[in-house]
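These are my notebook entries on one structure. I record what I looked up, entry by entry.

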Amino acid sequence: MFGLDDKLASMSDGTSLLIVIVVAVLLGFRHATDPDHLAAVSTLVASGRERGARCAALLGSAWGAGHATSLFAFGVPIVLFKAYLPESVQRGAETAVGVMIVALAAWLLVRWRRGLFHVHVHEHSGSRHAHGHVHGSPAEHAHERTRKARSPFQAYAIGLVHGMGGSAGVGVLLLAAIHDHAVALAALALFAFFTAVSMALLSTGFGLTLSREPVRRSFNRIAPALGAASLLFGVWYALGAFQVAPYSF
């Protein structure tokens, strides 16, 4: 995906503020579709006690805000001073992202193995209506719609960890295209902001998909496949962190 990033970044030479803004926005939306982002958000949303669009949007927004916070914090010294994180820290951050994806996937699989995902079928005016939800025990059934497996604060913390990975790459792309520090900082802020917006939108879409009746009916079969795929990707990502050369300028 870095080839596309390079093409987007090459659209601006830092002389046109409008072009810089457009490039930053495009990079933000593109960055949000990275496989590691999708894997993290999908398992985060799917493990929630309520998988509707509103809950997904809330978790996705919190996750995106955390990601944007650390991305901007680590990107500022790169943009201003070309001060890159040490190689060991870069690799450690990428490994932490992979471990986090593995942990989210494992949590989803554990909840599925415990039988916490199921569908109730209710009668409404002569028609059968599937209602899918998650709970921890029969005693919690009455409160399951108001409790969630992940809180927005937890999602924000997960986003903070995820934003550390690849932050140096963001700085490289911006530094390669922008020479004015003020404009570069503005572009970095836009990049972080629109990455967060994109993750909220993607999470909302994912929540809408999960809330559809056919998906709710079969989610008990979808959950293990989603968890296993994310688990394998997280392991691959963590191991790959030691094979990728650190960013340099």
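Accessible areas here come from the Shrake-Rupley method with a 1.4 Å probe. On that basis I found an accessible surface of about 11900 Å² for the protein chain. Carbon and sulfur atoms account for 68% of that surface.

**Entry 1. Confidence.** I noted at the outset that this is a predicted model. The mean pLDDT of the protein chain is 76, and 71% of its residues reach 70 or more. I then looked at residues 128-148, where the pLDDT is below 50. In the model this stretch has 57 contacts beyond near neighbours in sequence. Where pLDDT is low, the predicted coordinates should not be read in detail.

**Entry 2. Overall make-up.** I counted 9 helices and 2 strands in the protein chain. Along the sequence, their pattern reads α-α-α-α-α-β-β-α-α-α-α. Of the 249 residues in the protein chain, 48% are buried. I also looked up contacts between residues at least 6 apart in sequence, and 79% of these join residues at least 24 apart.

**Entry 3. Helix H4.** H4 covers residues 53-81, which is 29 residues. At 1.5 Å a residue it should span 42 Å, and I found its end C-alpha atoms 41 Å apart, so the two values agree. Where does H4 bend? The bend is at Gly75 and comes to about 30 degrees. A proline, Pro77, follows within four residues of Gly75. After H4 comes Lys82, for which I noted a positive phi, near 55 degrees.

**Entry 4. Helix H9.** I made the corresponding check on H9, whose 28 residues are 213-240. The expected span is 40 Å at 1.5 Å a residue, and the end C-alpha atoms lie 38 Å apart, which agrees. H9 nevertheless bends by about 70 degrees at Phe219.

**Entry 5. Leu27 and Leu108.** Leu27 belongs to helix H2, residues 17-31. Its relative accessibility is 2%, so I entered Leu27 as buried. Leu27 and Phe194 are 167 residues apart in sequence, yet their C-alpha atoms are 8.4 Å apart in space.

Leu108 lies in helix H5, residues 87-113. I entered Leu108 as buried because its relative accessible area is 0%. Which residues does Leu108 touch, not counting those up to four places away in sequence? They are Thr43, Ala46, Ser47, Phe117, Ala223, Leu226 and Gly227. I also looked up Leu108 and Ala228, which are 120 residues apart in sequence and 9.2 Å apart in space, C-alpha to C-alpha.

**Entry 6. Thr195 and Ser203 in helix H8.** Thr195 is in H8. I asked whether Thr195 is buried or exposed. At 1% relative accessibility, Thr195 counts as buried, since the cut-off for that class is under 20%. Leaving aside neighbours within four places in sequence, I found Thr195 in contact with Gly28, His31, Ala32 and His67.

Ser203 is likewise placed in H8, residues 181-211. Its relative accessibility is 0%, so Ser203 counts as buried. What does the side chain of Ser203 reach at 2.7 Å? It reaches the backbone oxygen of Met199. Not counting residues up to four places away in sequence, Ser203 touches Val41, Val45, Ala56 and Gly60.

Conventions
Residues numbered from 1 in each chain as written. Predicted model: local features only at pLDDT ≥ 70, side-chain atom pairs only at ≥ 80, totals over all residues. Heavy atoms only, no water. Expected span 1.5 Å × (residues − 1). Bend = angle between axes of the 7 residues up to and from the residue. Buried < 20%, exposed > 50% of the residue type's maximum accessible area, 1.4 Å probe, protein only. Polar contact = N/O pair within 3.5 Å; in protein donor to acceptor, adjacent residues only side chain to side chain. Contact = heavy atoms within 4.5 Å. pLDDT = per-residue confidence, 0-100.
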